[in-house]
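Colleague: I'd like to go through the labels on this one with you. Can you tell me what stands behind each of them?
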Amino acid sequence: MTGTTTAVGIETQDACVDFPIFDAKSRSLKKTVMGMVGGTIESGSRVPIIEALRDINLTLEHGARVGLVGHNGAGKSTLLRLLSGIYEPTRGTATIRGRVAPIFDLGVGMDPEISGLENIVVRGLFLGMTRKQMESRVDDIAEFTELGDFLRMPLRTYSTGMRVRLALGVVTSIDPEILLLDEGIGAVDAAFLEKSKRRLSALVDRAGLLVFASHSDEFLRELCDTAIWMEHGTIREQGPLESVLASYRDARR
Ligand SMILES: Nc1ncnc2c1ncn2[C@@H]1O[C@H](COP(=O)(O)OP(=O)(O)OP(=O)(O)O)[C@@H](O)[C@H]1O
């Protein structure tokens, strides 16, 4: 659904996401197993099922700036995929109103055989922009990346850091209604990261709704004002960013 007549927003009711694992050795898993990390593994049935999300009830309105925190495997990435419509809930419902820009993997949608300049346009199309919009932004993005003549070379000739620069340039130039961000901006040098943060903040200001999964308090404080703490596939706490961060850090001490 797109949000031309209704306000941007996301609502889930008792939403669950299960992953049945057909090739797992289930004999030794007699009952529900819960480790320190990961979701819950339910092995009562013939095929073990990872319960990645359970009974998620969320209402996110226009203007929400939500950080997602939680241990490895808590369900943050799965929740972002549910909120973007990539995953359908196994049970329950998820209603998404608005144009979603899911930014989970900076490299997705890039073609190694075409140039950096061409990739700028192609990646923008993937993120819901029009060719015209992207063509009018190419110069600004090119300047931001500082890649110079390399922009005319095929992407396969780029280092990892150069690819991240290009991807960040594109991603921070779009106008999303719903921005879903998974952290993963490691490979660039510190000075470029500083420069990216400013563009990232401006991007978030333009977005109608932001959900941002991150293990970095610093990044969360920069972009979010509320937070959701995920634990073993459920919402443990939701509220103002600082109080959720404090509860989460306390529990991990
Ligand atoms: N495609 C998949 N197939 C099977 N299990 C999956 C799949 N994706 C995620 N899971 C499982 O779902 C649970 C939640 O994973 P998810 O990636 O959402 O966690 P996360 O909170 O994003 O973790 P991290 O901080 O480590 O990135 C984990 O137990 C994981 O093993």
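Modeller: Sure, burial first: buried means under 20% relative accessible area, exposed over 50%, and partly exposed in between, with a 1.4 Å probe and protein chains only. This is a predicted model, where local features need pLDDT of at least 70 and side-chain atom pairs count only at pLDDT 80 or more, while totals for chains, interfaces and linings use all residues. Residues are numbered from 1 along each chain as its sequence is written, and side-chain values use heavy atoms, leaving out hydrogens and water.

Colleague: Why is F219 called buried?

Modeller: Its relative accessible area is 10%, and the cut-off is under 20%, so F219 counts as buried. F212 is buried too, at 2% relative accessibility. Across the protein chain, 46% of the 253 residues count as buried.

Colleague: What makes the pair of F212 and F219 edge-to-face?

Modeller: Rings of Phe, Tyr and Trp (its six-membered ring) pair if their centres lie within 6.5 Å; planes under 30 degrees apart are stacked, over 60 edge-to-face, the rest tilted. Here the centres are 5.9 Å apart and the planes at 85°, so this pair is edge-to-face. The whole structure has 4 aromatic pairs.

Colleague: Why is the protein chain called as compact as a globular protein of that length?

Modeller: The globule rule is 2.2 Å times the number of residues to the power 0.38, and the radius of gyration is taken over C-alpha atoms. The rule gives 18 Å for 253 residues and the chain has 20 Å, which is close, so the label holds. Along its principal axes the C-alpha trace spans about 60 × 40 × 40 Å.
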